[in-house]
Amino acid sequence: MNKVTTVLFAILFGVTVYNAHAQEYTSAEGYVEFVSTAPLLEFKGVSDQLHGLIDLDQNLVDYYVDLNTLETGIRRRDRDMRNSYLETDRFPFAEFTGELTKGLEQIRAGDLPANVEASGIFTMRDIGRDVAVEGTISAGEGGGLLLEASWIVRLEDYDIDRPSVLFYELSEEQTINIRIQLKQTN
Amino acid sequence: MIKTRKKDLFAVFFSTLLFLGLSVAEESKAQLERTLADDNPSVELTFMAPKHINLYTTELLSRGEFHYSIMHTFGEINSGYQNLWGIDNGANVRFYFEYGLNDRTNLAFSRTSQDKLIQFIGRRSITEQKRDSGSPVSVNMNLSIGVNTSDLSFLADSYSFSDRLNYTVSLSAARKFSEKLSILISPVYTHFARTGPEVSIDDPDTQHYFSAASGFRYNILPRAAITVQSVVPISNPDLTPNLGIGFDVETGGHVFQMFFTTSRALNEPYLIAGENGSLLDSELRFGFNINRLFKLHD
């Protein structure tokens, strides 16, 4: 039985050492913009409150933004977007959780910049849709990573109505651009 | 022997727990915890526009925003179909421009046909209603100085510039009770530097007016609401109270406000001091406001 105990402690030691070298990065700062390009009007909803995490060991990519922090430049329009369309009281977050399907080994090897692709679920208003996001991961500040990615969402996929009587023309397709500085956390 | 086995079993059990604990801890780090940037934000969109029929609301512009409003009232609807129920009679028109100096202070300028009144207005947020704990209401203070620019040269006694002035201070206190219902209470005080029959007010002998105004909005559709306003004279109870009932339609940057009111007035000093018609005699007037918002700069 002493052997068993010894083996278990050895496993524990191994787990500890493994964790000490885990490659987990969390956001130091993050920026996201939702770009609406309609024939007569293009405007952006931007936020610098994007939070993210990349765990190279678990192959996990996770980020979210509090949609209450989105600003379009006109507060009245911000309030309208939050209250009438995004309903941020009930559904405050837009979030993505997935994994890298391209570029993982290259990043683990430290061969940056790397073109990456992540597959996962993008959720808004509690509606999750499978998406594949392409982007790049390059060397960030202080040994961290810089993630930049872009993809398109359709508002109707998330049950978001567009204004039927227009003052701002809102595009059915929204381009989402993100940029996150990530620092190694362990 | 048995004692030794118990110790070994305890060691295995403890080690297993520790290992599982570490594994669970590792697993729980998988996703970021979702946290709100502000877990007790201010309540928004208590009203659709800076004006509620004729009263100021608690809605302020942000820094760099510009609000333009054109307001009308027409003749009394009891003037019959020949006058298209008052539309053919002389309209009172007010052009109103408001600018967001910062997120809590707005400056405005307006010009009204009635007494050709030019006004300089300041609006300041005192407190904002919070979603959870904190202030249960939003409160603004509104100050204005008006200048009667009518041609008064026909009068025997000349009018100096200071004679033409009026001063108004009001508070707008509002609470959004739900997505449908918002209520506004607004005490208003006005002083006219000089009064007389040449000024379009109900009692030419009174310079001071204090009234209790109130109103509410009830959304019947996500972007359309029934609105009501009343102004009850306190310092001059002989004056007829004002009543207005309207319909607001919001299209994002535009807010269209259509209403029937007992007064021709479109601004606070004349709203509380001006003449009001009787509901019983159908002395109502049709009016409308068109509100538009722009962004001038960041």
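Me: In this predicted model, how do the residues lining the largest cavity divide into nonpolar, polar and charged?
Reply: The lining of the largest cavity mixes three classes of residue. Two of its residues are charged and four are polar. The nonpolar class accounts for eleven.

Me: How many cavities of 30 Å³ or more are there, and how much space lies in the largest cavity?
Reply: The count of cavities of 30 Å³ or more comes to six. In the largest cavity, 17 residues form the lining, and those closest to its centre are A:F34, A:L70, A:M81, A:L86 and A:Q174. The space in this largest cavity is about 190 Å³.

Me: Which element gives the largest share of the lining of the largest cavity?
Reply: Three elements of chain A each supply at least two lining residues: β1 (24–37), β2 (42–47) and α2 (75–86). The largest share is five residues, and these come from α2(A).

Me: In what order do the twelve strands of chain B close into a barrel, and what is the average twist from one strand to the next?
Reply: The strands follow the order β3-β4-β5-β6-β7-β8-β9-β10-β11-β12-β13-β14, with antiparallel pairing. From one strand to the next, the twist averages 20°.

Me: Which strand pairs with β3(B) over ten bridges?
Reply: Strand β3(B) is joined by eight bridges to β4 (residues 92–100) of chain B, running antiparallel, and there B:I70 has B:F95 as its bridge partner. On the pairing with ten bridges, also antiparallel, B:H67 is matched with B:L293. The strand in question is β14 (residues 285–295) of chain B.

Me: Why is strand β3 of chain B described as largely enclosed by the rest of the structure?
Reply: A residue is buried when its relative accessible area is under 20%. Strand β3 spans residues 65–76 of chain B, twelve residues in total. It is largely enclosed because the number of these that are buried is nine.

Me: In β10(B), which residue is the bridge partner of B:S186?
Reply: Strands β9 (residues 181–192) and β10 (residues 208–221) of chain B pair in the antiparallel sense over eleven bridges. Within this pairing, the partner of B:S186 is B:A213.

Me: What is the relative accessible area of B:I118?
Reply: B:I118 lies in strand β6 (residues 117–127) of chain B. Beyond its neighbours within four places in sequence, B:I118 contacts B:F109, B:S110, B:R111, B:I145, B:G146, B:V147 and B:T149. The residue is classed as partly exposed, with a relative accessible area of 23%.

Me: How far apart in space are B:I118 and B:Y270, C-alpha to C-alpha?
Reply: Along the sequence, B:I118 and B:Y270 are 152 residues apart. In space, their C-alpha to C-alpha separation is 12 Å.

Terms used. Residues are numbered from 1 along each chain as its sequence is written. Chains are lettered from A and ligands numbered from 1 in the order in which they are written. This is a predicted model: local features need pLDDT of at least 70, side-chain atom pairs count only at pLDDT 80 or more; totals for chains, interfaces and linings use all residues. Side-chain values use heavy atoms; hydrogens and water are left out. Buried means under 20% relative accessible area, exposed over 50%, partly exposed in between (1.4 Å probe, protein chains only). Helices (H or I, at least four residues) and strands (E, at least two) are DSSP runs, numbered from the N terminus. Two strands pair if DSSP finds at least two bridges between them. Axes are lines fitted to C-alpha atoms, for helices over the stretch in contact, and angles run from 0 to 180 degrees between N-to-C directions. Contact means heavy atoms within 4.5 Å. On a 1 Å grid over the protein atoms alone, a cavity is a set of points where a 1.4 Å probe fits but cannot get out, and a pocket is an open set with protein on both sides within 12 Å along at least five of seven lines; lining residues have an atom within 4 Å of a point. Grid points are joined across faces, edges and corners, and a volume is the space filled by probe spheres set on the points. Ala, Val, Leu, Ile, Met, Phe, Trp, Tyr, Cys and Pro count as nonpolar, Asp, Glu, Lys and Arg as charged, and the others, Gly among them, as polar.
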